[in-house]
Every structure is written in C-alpha cells, then in structure tokens.
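Got your viewer open? Here's a short tour: select what each stop names, then look at what is there.

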Amino acid sequence: MRPAIGIDFGTSNTAAAILRGGAARIVPLEPGQDTLPTAIFLDYAARRTVFGSEAVRSMIDGQEGRFMRALKSVLGTSLARERRQFLNRRLTLLDIVSEFLAEIRTRAEAAAGTEFRRVVSGRPVRFHSAHPERNAQAERDLRECYHAAGFEEVRFVNEPEAAARAAGPGQGLGLIVDIGGGTSDFTLFESQGTATRIVASHGVRLGGTDFDRILSLETVMPLFGLGGDLRKDIGPGRHPVPRALFHDLASWEKIAFLYGPATLRDAQAMARLAVEPARLNRLVRVIENEIGHDVAFAVEAAKIGANQDGGAEIDLTLVEPGLRPALTGAELAATLAPSAAAIRAEIAETLTLGGVKADAVGRLVFVGGSSLLSAVDAAARAALPAAMVERSDVFTAVVRGLALATAEDG
Ligand SMILES: Nc1ncnc2c1ncn2[C@@H]1O[C@H](COP(=O)(O)OP(=O)(O)OP(=O)(O)O)[C@@H](O)[C@H]1O
Ligand SMILES: [Mg+2]
C-alpha cells in the first residue's frame, strides 16, 4: 500500500499525522509544534511565499506584502476563483490554498522521511450550511487544490467522525462537539470497547472567526465609525454610515482585499461627510496603513483573554495611541450568547438525526479551539445533562482520527 497521510486543513490551524504501528503519530509541520497556523504571506520584497507562524510574524512586523488567513472559508464561493494581481503574479485563492497544501506535503515528507501521494483529508460536515450547492463545490475546490499540490489520491472524512475514531475506547453513546475556527461539527457515535460506530453527523458554518467578526462589529467597529451618521453630500439631512466596509474589515478572509485605492477613497469620502469624523479617521488609518489584520488579531486575543481571565483589553494602540477598550468576561458571554444558543440547537438536531434522547448520551467529547469558550462549553453541557465531559486533544483529535482512517484504503 502506498504511504498515506492524514491532513486536517483547518480554518485557523492545520495538522498532519500518519499511522505508525497501528497508532496515530503527529507529523510536526513547524519545529516542536503539533499544528501550524493556516496563514500565508506573499512577501513582496523577497518575492516569496511564507507560511504558518513565519507568515504571521511577517505580517506583524509590517513587511510589505499580502497576508491571508481563514482561506478555507472561501472554498465553494465565487471569491475562490477570482483572479487577482499579487505583485507580479495573477492568482486565484485556490492557487494560494494549493501552494499552502504543497508546502504541507513538502514539510511532512521532510519530517517523516516518506513521499506522500495519498491523503485522507478532513472536511466539515457542511462547509456551507444554507447552500447545498456551495457545500458540494467547496469539496470539489479542496480536492482540486490537493491535486494541484501533488497528491494523486484524495479521500475526505467528516472532521467530527475522524475525532470519534480517535476518542478512545468506551461503552455506549458519545457526542463529538468540534467548535473550530470556521465551522461547528457534531458526531454522535456508539462505542463497544475499541469499536466505534457512527450514528449521525451534523454541522453548521459557525466558528471562532465568526465570533471574532461579531465581537469586532460590536466592540471595535463602532470606534471606527460604524453606527454613526454621514451628512448628505448635497442638501440637508443625514444617513447612517454604510455597513459593508466594516463587515469586511471584521471578517478574517476579506481583510486582504480591502487594501487599495478604491477602498481608501471610500473611507476618506465617508470621513469627510461624517458627523463624528474622528472615528472614521481611524478607519482611514487602518486602510491606509494596512493594519486590518492587526486589529483582527487584537480582537481574537481579547476574546481568548477575556474568556480565560474574566477581562481583557483590545489593544488598538497601532490605530491610535492609548486606544485600548476593555472587554469583560460578561460582555464576551453576552456577545456570544446567540451563537452558543445556536450550537445548543444544532446539538439537539444531531440527537434528533440519530434518534437518541439527550440523557442517553454518556460522553461529551470537546474538540476545537472554540470549545474552550465558557459560553460554548456551558451550552453543550446543558444540552447533554447526563454526559461525562472529556477534553484533551482539542487541536489534534481530528488529525489523529484521519491518520487512523488511512489504514482503510489504498
Ligand atoms: N484558548 C482559547 N479560547 C477560546 N478560543 C480559542 C482558544 N484558542 C483558540 N481559540 C479559537 O479557536 C479557533 C481555532 O480552533 P481550531 O484550530 O480548532 O480551528 P480549525 O480546526 O482551524 O477550524 P475548522 O475546523 O472550523 O476549519 C480560533 O477561532 C481561535 O480564536
Ligand atoms: Mg478543526
């Protein structure tokens, strides 16, 4: 059988693992790390592409170029196939995903000392929850990217089903609750010792990058002018500041495409007409200095900090000296409440799909970085009152299961 690798291409983090002696073994993609940030930087000065933590560092250091994160979110959308100019290259976002996956293959081959032409890749149960056609297209897009990256055989396994395989032995019903960067995924499974049977899987396009966007629109974008009024160009009267630009600036996968003369002109025009120009001048600075990703990282860091420590500051001092709005744990919980309620409803839906009552589920296995949020944790526990909670390999359970799945084909 040709050697195969399991790859969990995540919205925020990517991991690889192989099967050795019947057990899953992580293949480090960065020295000493189990996962690599799904981040890419097209470095214009050096004319090369950098990946993972190095890409994040290049962006933070303010190198000239284009930074991209959350590219998984564009799979299945028209944005994925639009050609754009990046310095001297015309590329689609699928070309960039392909480059990223080729780099993963190269690094994994170097670390494992093996060539990989077969991959078992994770996929969310639903890339797009409301659009079946986009959902199917997203898988076709990702398959195309793996082929362009040099993989000849590509098989997809639902991410939470992979995590269920990796969950370890047990008895009776369990539920994987995988709340990641882009999607929330659920698998109801039944264990008999080491044997695992998948009962039902379900998913929704809602994850940590959405939480970042919601939080940014509520707490940061108003400081940049959202919610204010503009004077009419001609004549008396006012109208609200248009929302679209703020929405894109708060969305990880859209930020890179805001930089350019057209958006800057729009922002400057709004600032000229603003009733409170000081706020919109901050927006102009963000676009002009290309620091939208820095703002998004500040929001994400405050989300994690407020969740862990009960409060945090959103560090926007790059936008304006001293600008450091506070975020309390209670404010974070209130902001996340509708999302947590949605996750709880999707868990109930998963149980319905499996024909199972909540109190029959004995194990609740948390997976994914966003499962560490108290609001999410509480919502899932409330949905499964009889379950024992397990949370260990939140960032690697999926890829371990994918490595186990490589044993099945070839
Ligand atoms: N300690 C933490 N507390 C809260 N959220 C966190 C924490 N650590 C990471 N996150 C969030 O978890 C998300 C990333 O989780 P994960 O790596 O599981 O996602 P992913 O697998 O890349 O995404 P997906 O599976 O949806 O494609 C990010 O949105 C990040 O902000
Ligand atoms: Mg994931």
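## Stop by stop around the ligand

Start by selecting Ser 12 together with ligand 1: a backbone N or O atom of Ser 12 lies 2.7 Å from an oxygen atom of the ligand. Keep in mind as you go that this is a predicted model.

Next, add Asn 13 and show its side chain. An N or O atom there is 2.7 Å from an oxygen atom of ligand 1. Now do the same with Glu 300, where a side-chain N or O atom is 2.5 Å from an oxygen atom of ligand 1.

How much of ligand 1 does the protein bury? Taken alone, the ligand exposes 660 Å², and the protein buries 92% of that. Turn on a surface for the protein, and you'll find ligand 1 sitting in the largest pocket.

Time to see which elements surround it. Select helix H5 (208–219) and helix H9 (292–309): these are the elements that give two or more residues to the shell around ligand 1. Of the two, click on H9, since H9 gives the most, with 4 residues.

Now bring up the whole shell of 22 residues; Thr 11, Ser 12, Asn 13, Gly 182 and Glu 300 come nearest to ligand 1. Try coloring the shell by class: you should get 4 nonpolar, 14 polar and 4 charged residues.

For the last stop, zoom out and color domain 1 (4–166 + 394–408) and domain 2 (209–332) separately. Where does ligand 1 lie relative to these domains? Both of them give residues to the shell, so ligand 1 lies between them.

Conventions:
Residues numbered from 1 in each chain as written. Chains lettered and ligands numbered in written order. Predicted model: local features only at pLDDT ≥ 70, side-chain atom pairs only at ≥ 80, totals over all residues. Heavy atoms only, no water. Near = heavy atom within 4 Å. Polar contact = N/O pair within 3.5 Å; in protein donor to acceptor, adjacent residues only side chain to side chain. Areas by Shrake-Rupley, 256 points an atom, 1.4 Å probe, with all protein chains shown as cover. 1 Å grid on protein atoms, 1.4 Å probe; cavity = no way out; pocket = protein on both sides within 12 Å on 5 of 7 lines; lining within 4 Å. Sits in = over half its atoms within 2 Å of the grid points. Nonpolar A, V, L, I, M, F, W, Y, C, P; charged D, E, K, R; others polar. Domains from an automatic or database assignment.
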